[in-house]
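Before reading on, take a moment to look over the sequence and the model, and to find the strands and helices for yourself. The paragraphs below then go through them in turn.

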Amino acid sequence: VFEKFIVGKNNELAYAACQAVVNNLGKAYNPLFIYGGVGLGKTHLLQAVGNEVVKFNNHRVLYTTSEQFTNDYIQAVHSGKAKDFKNLYRNVDLLLVDDVQFMGGKDGTQQEFFHTFNELQQADKQIVLTSDRPPKSLPAIEARLISRFESGMVADVGKPDTETKIAILEKSAEEKGFPLSPEILTMMAESVQNNIRELEGLLNKIIAVHELK
């Protein structure tokens with residue numbers, strides 16, 4: 001949810017874009033394409049959009065990964081249930097697709113997603129996508145799809161600075177009922193450079209050691 005997302009300089013544009021999408025579904029930024037490295041909060045934002053829309057509106061929301069989309073497409077082709085597949089993915093008000101980079105090289109999946117994308121966008125239905133890189137850097141993705149990914153809003157989620165990491169740790173520690181001193185939080189934040197998941201793992205390790213010993 002948005003309430004548990006810590007906003008910093010590294011993600012404020014993506015966060016603001018997500019808020020705009022929720023407040024003006026299908027019209028603000030469509031599609032919204034969020035990209036960034038592993039463990040930086042892309043999926044958190046994606047699901048926060050879905051949960052916020054479900055909370056306040058009677059909209060049909062579908063969250064999926066590109067891998068799940070591919071598997072559903074293959075299953076539909078093999079079982080002759082293409083109509084059911086289209087009904088699932090095209091009769092929604094908000095489609096959330098995680099990790100679209102995994103569609104690379106899957107021609108049938110890309111073709112089906114292209115038609116799904118077009119139908120939803122033309123009906124003013126919202127699409128939000130995440131990837132580990134910007135559209136132009138996606139390997140083995142058709143040019144027509146990349147063009148559509150870039151037609152709305154592209155926002156990146158970068159690595160958090162030390163202040164943001166401290167804020168994330170502080171909030172997480174409080175939620176776990178394990179408040180830590182500012183000195184310890186700063187030391188932890190400065191020792192982790194890559195992503196937020198590592199921060200969470202370090203906090204969990206400290207709590208575990210404390211409880212065990």
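What follows starts with the sheet, moves on to the helices, and ends with a single residue.

The model is a predicted one, and a good place to enter it is its open sheet of five strands, which are arranged in the order β2-β3-β4-β1-β5 with parallel pairing. At the edges stand β2, residues 61-65, and β5, residues 153-157, each of which pairs on one side only. From one strand to the next, the sheet twists by an average of 15 degrees.

Within this sheet, strand β1, residues 32-36, has β4 and β5 as its neighbours in the strand order. With β4, strand β1 pairs in the parallel sense over four bridges, and here L32 has V128 of β4 as its bridge partner. With β5, strand β1 again pairs in the parallel sense, over five bridges, and on this side Y35 is found opposite D156 of β5. Strand β1 is also mostly covered, since four of its five residues are buried. Elsewhere in the sheet, strand β3, made of residues 94-98, is joined to strand β4, made of residues 126-131, by parallel pairing over four bridges, with V97 standing opposite L129 of β4. As a general point for reading such strands, side chains in a regular strand alternate between the two faces of the sheet.

How does the sheet relate to the helices? Helix α2 lies across β1, β2, β3, β4 and β5, and its direction makes an angle of about 165 degrees with that of β3.

Helix α2, residues 42-56, also meets helix α1, residues 12-23: their axes come within 10 Å and cross at roughly 25 degrees. Because angles under 35 degrees count as roughly parallel, this crossing makes α1 roughly parallel to α2. The crossing of the two helices is right-handed. On the α1 side the contact is made by A14, Y15, C18, V21 and V22, while α2 contributes L45, V49, E52 and V53. Sorted by character, the residues of this contact comprise eight nonpolar, no polar and one charged.

The last stop is M187, which has its place in helix α8, residues 182-191. Is this residue buried or exposed? M187 has a relative accessibility of 61%, and therefore counts as exposed, the cut-off for that word being over 50%. M187 can also be placed with respect to K165: the two are 22 residues apart in sequence, and their C-alpha atoms are 11 Å apart in space.

Methods:
Residues numbered from 1 in each chain as written. Predicted model: local features only at pLDDT ≥ 70, side-chain atom pairs only at ≥ 80, totals over all residues. Heavy atoms only, no water. Axes fitted to C-alpha atoms, helices over the stretch in contact; angles between N-to-C directions. Parallel < 35°, antiparallel > 145°, perpendicular 65-115°, else oblique. Left-handed = near helix turned anticlockwise from the far one by under 90°. Contact = heavy atoms within 4.5 Å. Nonpolar A, V, L, I, M, F, W, Y, C, P; charged D, E, K, R; others polar. Pairing = 2+ DSSP bridges. Buried < 20%, exposed > 50% of the residue type's maximum accessible area, 1.4 Å probe, protein only.
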